[in-house]
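Here's a quick briefing on a protein model, with a focus on its charged pairs and surface patches. Have a look at the structure first, then read on.

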Amino acid sequence: MPELPDPLTTLVRRGREPAVVQTVRSTLAAVISYVVALQLSREPLPLTAPLTALLVVQVTLYSTLTTSIRRVNSVVAGVLIAIGFSVLVGLTWWSLGLIILASLVIGRFVRVGEFVPEVAISAMLVLGVTQVTQTAWDRVLETLIGAVVGLMFDFLFVPPVWVQPAGEAIEELARRMRDLLLDIGREISGHMPVEEAAARLHAARRLDHDIVQVDASLRQAEDSLRLNPRVKEGLLFRVVLRTGLDALEIAAVVLRVSARTLTDLAKERRDEPLFPEDVAAALEEVFGHLARAVESFAVLITTQVRDSAEEAEARFARELAAGRSSRDRAADLLLARMREHPRQWQLHGALLAEIDRILDELDVEKRSERLVEELDRHSREQHDRHPVVNGIRRRLRSSRYGWRSSRGG
């Protein structure tokens, strides 16, 4: 099959991006809500309905549901405030200030989130018309129309699951960490100028920005798995990706500290190699295995949410074992050299400790423990959040057990 031309490939790829999908879905939902509002509202131009739909429809069903609730709460609160003020006082400069102040304060208590200003906006728009009560309830009706249409739109046309973009973002982060580890390994042999060491340190610090972007992509993927009828094991997928990103984030922090250690060592040895030749070769091997282990780890956690992970897991285990073995050889060589020349021994020890920390964070057993802990935490949260439902389930199980026991007796 011939390959697609580059412009067409780019168009297809962008058509699957969250921003493009969100644009199309929001436009359709807004138009539908406007058509429905024209039939149900007494307003000649019920623009509040499409405005609500634009604000309500999100890239995930979970976000749409929570946004709808907050949006309706904000409008109803603003309308009730406006009705109360219209009965007591008219619209003057001081009453306008009071209504804005009251709306912003009450908006904090009714838990409307980012729609706190919408409470004041709704109150002012309603208070500024002649027939306050009629306009107020028309605005509530249009808001409900927009929210319901947005919800129904997402229920009928379920938003995509954004696990794959999150997995790609995690893999891209791991590739940047891999490249940095390989660069450090190559430059650790021979003389490393302070400028080069500082450049590696700045590159390691830039990983923080990358992690923030990956975290945002992962949060979107987590929301897309909630309440989504397409997904059966949404909790497991979320926990696998989240714990994997947590491990990579810790490894990135330790990598930054390692770059700081090497920069300090380069400042102490401006006119000589950082390490003896045999130690440098061993450390280069260690950083090479670390680089491939980080990349394999990312492939492993993202493959588990797509297809078979056996090959990725085997490759990761090999690199991790090779990394531990080469680390032990480098430690023995470094210890022997430090006994001969104990200069900056604390920096050498710190570097070995940082390598150990990265290997430990990627360890399979520790990752399994973290997965179990997260699953247990989610189970406890669900139990605490729905005590009545869990109590009913326990009573049903106990009554079923008693019924079976009586039959057996």
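**The overall picture**

Of the 409 residues in the protein chain, 44% are buried (buried means under 20% relative accessible area, exposed over 50%, and partly exposed in between, using a 1.4 Å probe and protein chains only). Keep in mind that this is a predicted model: local features need pLDDT of at least 70, side-chain atom pairs count only at pLDDT 80 or more, and totals for chains, interfaces and linings use all residues. Residues are numbered from 1 along each chain as its sequence is written, and side-chain values use heavy atoms, with hydrogens and water left out.

**Fold and surface totals**

- The secondary structure comes to 15 helices and zero strands (both are DSSP runs numbered from the N terminus, with helices being H or I of at least four residues and strands E of at least two).
- Take the contacts between residues at least 6 apart in sequence: 78% of them join residues at least 24 apart (a contact means heavy atoms within 4.5 Å).
- The chain exposes about 22200 Å², and carbon and sulfur atoms supply 59% of that (areas come from the Shrake-Rupley method with a 1.4 Å probe; for residues, only the protein chains shown count as cover).

**Salt bridges between helices**

- Searching the whole structure turns up 18 salt bridges (a side-chain nitrogen of Lys or Arg within 4 Å of a carboxyl oxygen of Asp or Glu).
- One of them pairs Asp 210 with Arg 176, with the closest N and O atoms 2.7 Å apart. Asp 210 sits in helix H9 (residues 194–225) and Arg 176 in helix H8 (residues 163–187), so this pair ties together parts that are 34 residues apart in sequence.
- The two partners differ in burial: Asp 210 is buried at 12% relative accessible area, while Arg 176 is partly exposed at 37%.
- Arg 256 also bridges to Asp 208, where the closest N and O atoms are 2.9 Å apart. Here the link is between distant parts of the chain, with Arg 256 in helix H10 (residues 234–268) and Asp 208 in helix H9, 48 residues apart.
- Both ends of that pair are partly exposed, with Arg 256 at 22% relative accessibility and Asp 208 at 33%.

**A bridge within one helix, and a network**

- Arg 357 forms a salt bridge with Glu 361, and their closest N and O atoms are 3.1 Å apart.
- Both residues belong to helix H13 (residues 345–362), four residues apart, or about one turn of the helix.
- Glu 361 is buried, at just 1% relative accessible area, whereas Arg 357 is partly exposed at 39%.
- Elsewhere, salt bridges with shared partners join Glu 171, Glu 172, Arg 175, Arg 176 and Asp 210 into one network.

**Surface patches**

- Patches are made of residues with over 30% relative accessible area and no salt bridge; like charges are joined within 9 Å, and nonpolar side chains (Val, Leu, Ile, Met, Phe, Trp, Tyr) within 5 Å.
- Glu 365, Glu 369, Glu 373 and Asp 376 gather in a negative patch on the surface (Lys and Arg count as positive, Asp and Glu as negative, with His and the chain ends not counted; a charge is placed at NZ of Lys, CZ of Arg, CG of Asp or CD of Glu).
- Within that patch, Glu 373 lies in helix H14 (residues 364–385) and counts as exposed at 52% relative accessibility.
- A nonpolar surface patch is formed by Leu 91, Leu 96, Ile 121, Met 124 and Leu 125, together offering about 410 Å² of accessible area.
- Helix H6 (residues 116–127) gives the largest share of the nonpolar patch, three residues, while Leu 91 is found in the loop between helix H4 (61–88) and helix H5 (93–109).
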